[in-house]
Amino acid sequence: MKILLSNDDGYLAPGLAALHHALAPLGEVVVVAPEHNRSGASNSLTLWRPLSVFTAANGFRYVNGTPTDCVHVALTGLLDGKPDLVVSGINNGQNMGEDTLYSGTVAAATEGFLFGVPSIAFSLVDKDWAHLDAAARVAADIVQHWLRVPLPAHTLLNVNIPNRPYAEMGTWRVTRLGKRHPSQPVIRASNPHGEPVYWIGAAGAALDASEGTDFHAVAAGDVSLTPLQLDLTDTRLLPALCEWTRGWRRPEQPA
């Protein structure tokens, strides 16, 4: 078993170290993570400059780029062969609802999925790493179960784990993504020169946290497992769009 492990909080993040420790008994775990915290980087690739890969004292390799860069470079240039699984996390904070569109944690797993490797993103719901050891144990349980009962290669899972002791952790629940209210307004401040600067506001509160959603599951103390897909086609709009285009006529050319 060969696991490629990455994250978006950086190679020094406690969540990465805890997950590496928990997965090590299950097989060979290779770490390729960002040099710095790249939360919110989404699926961005660095195309405007070359990337460098470094090796830390503990053997973790890190890249001066995004989470997607890390997995892309690992799969296309660093590793000798294709891993059996790509794992990302453990993230310092939840990735639920629309968070998945911005999340570097989910993006790292998504890049593995794009290369045909089953991939899992793990996030700890509340920040500050409370009960990180329990979350790492849950993540290892999920990976170990995948080893016993493999999911298809076209699997991309987004997992959110409550901050609870392991003995108090709820069951695994298969969920759909909930929805958030729009994010809070930007926070305006001034730099030392008196010029305005803007901090991105906090994520919006849950709008749809109904039963079956990731928000509902973690609120009940359960582990949320959401299967993701990448086809952004709005299939519901296809018939209406086809009808709309039928009414178009090419404008007559001027004489």
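**Stop 1: Asp9 and its surroundings**

Select Asp9 and Ser39 and show their side chains: the two are joined by a polar contact of 3.3 Å. Keep in mind as you look around that this is a predicted model. Asp9 sits in the loop between β1 and α1. Is Asp9 buried or exposed? Its relative accessibility is 13%, so Asp9 counts as buried. Now display what surrounds this residue: leaving aside residues up to four places away in sequence, Asp9 touches His36, Asn37, Ser39, Ile90, Asn91, Asn92 and Trp129.

**Stop 2: the annotated site**

Next, select Asp8, Asp9, Ser39 and Asn91 together. The UniProt record, an unreviewed entry, carries the annotation "binding site" for these residues. Although they span 84 residues in sequence, no two of their C-alpha atoms are more than 9.0 Å apart, so they gather at one spot.

Stay here and pick out Asn91, which belongs to strand β5. Asn91 has a relative accessible area of 7% and is buried. Which side chain does the side chain of Asn91 meet in a polar contact of 2.9 Å? Show Thr105 and you will find the partner. Thr105 also appears in the list of residues that Asn91 touches, together with Asp8, Asp9, Phe122, Ser123, Leu124 and Trp129, again not counting residues up to four places away in sequence.

**Stop 3: the sheet**

Switch to a cartoon view and follow the strands. An open sheet of 9 strands runs in the order β3-β4-β2-β1-β5-β6-β7-β13-β8, and its pairing is mixed. Color β3 (53-55) and β8 (172-174): these strands stand at the edges with a single partner strand each, so one side of each has no neighbour in the sheet. On average, and ignoring direction, neighbouring strands of this sheet are turned by 25° against each other.

Now add helix α1 (residues 14-23), which packs on the sheet and touches β1 (2-6), β2, β5 (85-92) and β6 (119-124). The direction of α1 makes about 140° with that of β5.

For a closer look at one pairing, select β2 (residues 28-34) and β4 (residues 61-63). These two strands run parallel and are joined by 3 bridges. Which residue of β4 is the bridge partner of Ala33? That partner is Tyr62, a residue worth keeping selected for the next stop.

**Stop 4: aromatic rings**

The structure holds 2 aromatic pairs. Show the rings of Tyr11 and Tyr62: they form a stacked pair, 3.9 Å from centre to centre and with 5° between the planes. This pair links distant parts of the chain, since Tyr11 lies in the loop between β1 and α1 and Tyr62 lies in strand β4, 51 residues apart. Tyr11 is buried, at a relative accessible area of 16%, and Tyr62 is buried as well, at 13%. Add Phe54 to the selection to see the cluster that ring pairs make of Tyr11, Phe54 and Tyr62.

**Stop 5: helix α2**

Move on to helix α2 (residues 67-78). Its buried residues include Pro67, Thr68, Asp69, Cys70, Val71, Ala74 and Leu75. What do the buried residues of α2 pack against? Display β1, β2, β4 and α4 (104-114) to see their packing partners.

**Stop 6: strand β7**

Select strand β7 (residues 156-161). Here 6 of the 6 residues are buried, so the strand is largely enclosed by the rest of the structure. In a regular strand the side chains alternate between the two faces of the sheet. Color Leu156, Asn158 and Asn160 on one side of β7, then Leu157, Val159 and Ile161 on the other: all are buried, and both faces are covered. Strand β6 pairs with β7 in the parallel sense over 6 bridges. To see where the two line up, find Ser119, which stands opposite Leu156 in β7.

**Stop 7: Asn163**

Finish at Asn163, in the loop between β7 and β8. With a relative accessibility of 15%, Asn163 counts as buried. Which backbone atoms does the side chain of Asn163 reach? One is the backbone nitrogen of Asp126, at 2.6 Å, and another is the backbone oxygen of Ala130, at 3.0 Å. Not counting residues up to four places away in sequence, Asn163 touches Leu124, Val125, Asp126, Ala130 and His131.

Conventions: Residues numbered from 1 in each chain as written. Predicted model: local features only at pLDDT ≥ 70, side-chain atom pairs only at ≥ 80, totals over all residues. Heavy atoms only, no water. Pairing = 2+ DSSP bridges. Helix = DSSP H or I, 4+ residues; strand = E, 2+ residues; numbered from the N terminus. Axes fitted to C-alpha atoms, helices over the stretch in contact; angles between N-to-C directions. Contact = heavy atoms within 4.5 Å. UniProt positions renumbered as here; feature names shortened; annotations may be inferred. Buried < 20%, exposed > 50% of the residue type's maximum accessible area, 1.4 Å probe, protein only. Polar contact = N/O pair within 3.5 Å; in protein donor to acceptor, adjacent residues only side chain to side chain. Phe/Tyr/Trp six-rings, centres within 6.5 Å; stacked < 30°, edge-to-face > 60°.
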